[in-house]
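The following report describes the fold of a single protein chain, beginning with one loop residue and proceeding to the sheet, the cores and the helix packing.

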Amino acid sequence: MGTKVMGNVTKTENENSINKIKKILDIFTSSEASIRPHFILTGPSGAGKTYNIKLLAETYDLNYMEVNAAQLTKEGTSGNSLSKALSPLINSAGKLTVCFVDEFDKLFISGNSNSHLAHETTNGVQNEFLKVLESDHTSVYSDYGKYMDVASDKVLFIFAGAFNGEEDITIDRLREFGIKTEFLGRVGLIYNLKKLTLDELSLILNNSKLLDSYLTLFPDVKRETVVSSVMEVIKENYEKNTLGARLLTTLLNKYFIEGGKLKPEAAKQVSFQKVLSLN
């Protein structure tokens, strides 16, 4: 059977990666976290990295937390250190947890002559992640400015990033980016997502909880009409869309807030990397 192609991306490419991630979650949950296959998830902006992991965490009834690696600072310096970012573990109560580390690639600025201090900081954060992966407990910043030792043995870490939009990234390429061999020894699995196809965006839209909520509030509006209007805009601007599934949320909100006025021709002047306007 042939593979349907839309937007120059075969639909099965993302499905294969997602199925492997499901297998990891099967192992993680079935072993009660005694087996934790931490992995790296790559893909361009709009590939659905965050969306898919959130959805899978919900499907498997896993606690979900998110860390923005781009905002992390070295422990002991001002800003958002890893010990602060992991503070939600205090309330996880030992429940199986997925920790999605977004923009992980921002820790590596190889080729950027920014400053020695910047390299020292990002290298320090990588070392702090390594310590967390090597231990069953970690120190987190709790209320009242005190540190607290919490269990981290029930946490599956997923490190995600666009990595300059490169496809099919390998371990060797990750080393070139600046990820340490010791880190890759503990997080050696890599899965790549491609840009979401039109079929995948349509499926996400049709299963949107936000759409269901809006249709409950507006019972006279037909689902088919909303889906058709939103997808028409998506199709008109597919090549420009770098927001992926996030764009669906924006368009749904606009559709209902602006009285169903979602004109595809208006979107031709829209840069999907900026604030969306369909007036």
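Ser-92 touches Asn-63 and Thr-97, leaving aside residues up to four places away in sequence. In this predicted model, Ser-92 belongs to the loop between H3 and S7. Its relative accessibility is 10%, and Ser-92 therefore counts as buried, the cut-off being under 20% relative accessible area.

**Loop residues with positive phi**

Two further loop residues have a backbone feature in common with a residue of a hairpin. Asp-61, which is not a glycine, has a positive phi of about 55 degrees. Glu-103, likewise a residue other than glycine, has a positive phi near 55 degrees. In the hairpin of S8 and S9, Tyr-144 takes a positive phi near 65 degrees. The two loop residues are set out below.

| Residue | Loop | Relative accessibility | Class |
|---|---|---|---|
| Asp-61 | between H2 and S4 | 57% | exposed |
| Glu-103 | between S7 and H4 | 26% | partly exposed |

The hairpin has five residues between its strands. Strand S8 (residues 137-141) and strand S9 (residues 147-151) run antiparallel and are joined by five bridges. Within this pair, Thr-138 stands opposite Val-150 in S9.

**The chain as a whole**

The chain contains ten helices and eleven strands. Of its 279 residues, 45% are buried. Among the contacts with a separation of 6 or more, 72% are between residues 24 or more positions apart.

**The parallel sheet**

In what order do the strands of the open sheet of five strands stand? The order is S4-S7-S10-S3-S11, with parallel pairing. S4 and strand S11 (189-192) are at the edges; each has a single partner strand, so one side of each is left without a neighbour in the sheet. On average, neighbouring strands of this sheet are turned by 20 degrees against each other, direction ignored.

Helix H2 (residues 49-59) packs on the sheet and touches strand S3 (39-42), S4, S7 and S10. The direction of H2 makes about 155 degrees with that of S4.

S10 is paired with S7 and with S3. Five bridges join S7 to S10, and these strands run parallel. Phe-100 has Ile-158 in S10 as its bridge partner, and Cys-99 has Phe-157 in S10. S3 and S10 also run parallel, joined by four bridges, with Phe-39 opposite Ile-158 in S10.

Why is S10 described as largely enclosed by the rest of the structure? Seven of the seven residues of S10 are buried, and the strand is therefore largely enclosed. In a regular strand the side chains alternate between the two faces of the sheet. In S10, Val-155, Phe-157, Phe-159 and Gly-161 point one way, whereas Leu-156, Ile-158 and Ala-160 point the other way. All of these residues are buried.

**Nonpolar cores**

The largest nonpolar core has 33 residues. Those with the most contacts inside it are Leu-86, Phe-104, Phe-129, Phe-157, Phe-159, Ile-179 and Phe-183. Two or more residues each are given to this core by strand S4 (63-68), helix H3 (82-85), strand S7 (97-102), helix H4 (116-134), strand S10 (155-161), helix H5 (171-177) and helix H6 (181-184). H4 supplies the largest share, five residues.

Phe-159 touches Phe-39, Ile-40, Leu-41, Val-101, Phe-104, Phe-129, Leu-133, Phe-183 and Val-187, not counting residues up to four places away in sequence. A second, separate core has 23 residues, including Met-231, Tyr-255, Phe-256 and Leu-262.

**Packing of H7 and H9**

Two packed helices are described by the angle between their axes and the distance between the axes. For helix H7 (residues 198-206) and helix H9 (residues 223-236), the axes come within 11 Å and cross at roughly 150 degrees. The crossing of H7 past H9 is right-handed. On the H7 side, the contact involves Leu-198, Leu-201, Ser-202, Leu-205 and Asn-206. These meet Arg-223, Val-227, Val-230, Met-231, Ile-234 and Lys-235 in H9. By class, this contact has seven nonpolar, two polar and two charged residues. Met-231 of H9 is also one of the residues of the second core.

Conventions:
Residues are numbered from 1 along each chain as its sequence is written. This is a predicted model: local features need pLDDT of at least 70, side-chain atom pairs count only at pLDDT 80 or more; totals for chains, interfaces and linings use all residues. Side-chain values use heavy atoms; hydrogens and water are left out. Axes are lines fitted to C-alpha atoms, for helices over the stretch in contact, and angles run from 0 to 180 degrees between N-to-C directions. A crossing is left-handed if the near helix is turned anticlockwise from the far one by less than a right angle, and right-handed if clockwise. Contact means heavy atoms within 4.5 Å. Ala, Val, Leu, Ile, Met, Phe, Trp, Tyr, Cys and Pro count as nonpolar, Asp, Glu, Lys and Arg as charged, and the others, Gly among them, as polar. A nonpolar core is a set of buried Ala, Val, Leu, Ile, Met, Phe, Trp, Tyr and Cys residues joined through side-chain atoms within 4.5 Å. Buried means under 20% relative accessible area, exposed over 50%, partly exposed in between (1.4 Å probe, protein chains only). Two strands pair if DSSP finds at least two bridges between them.
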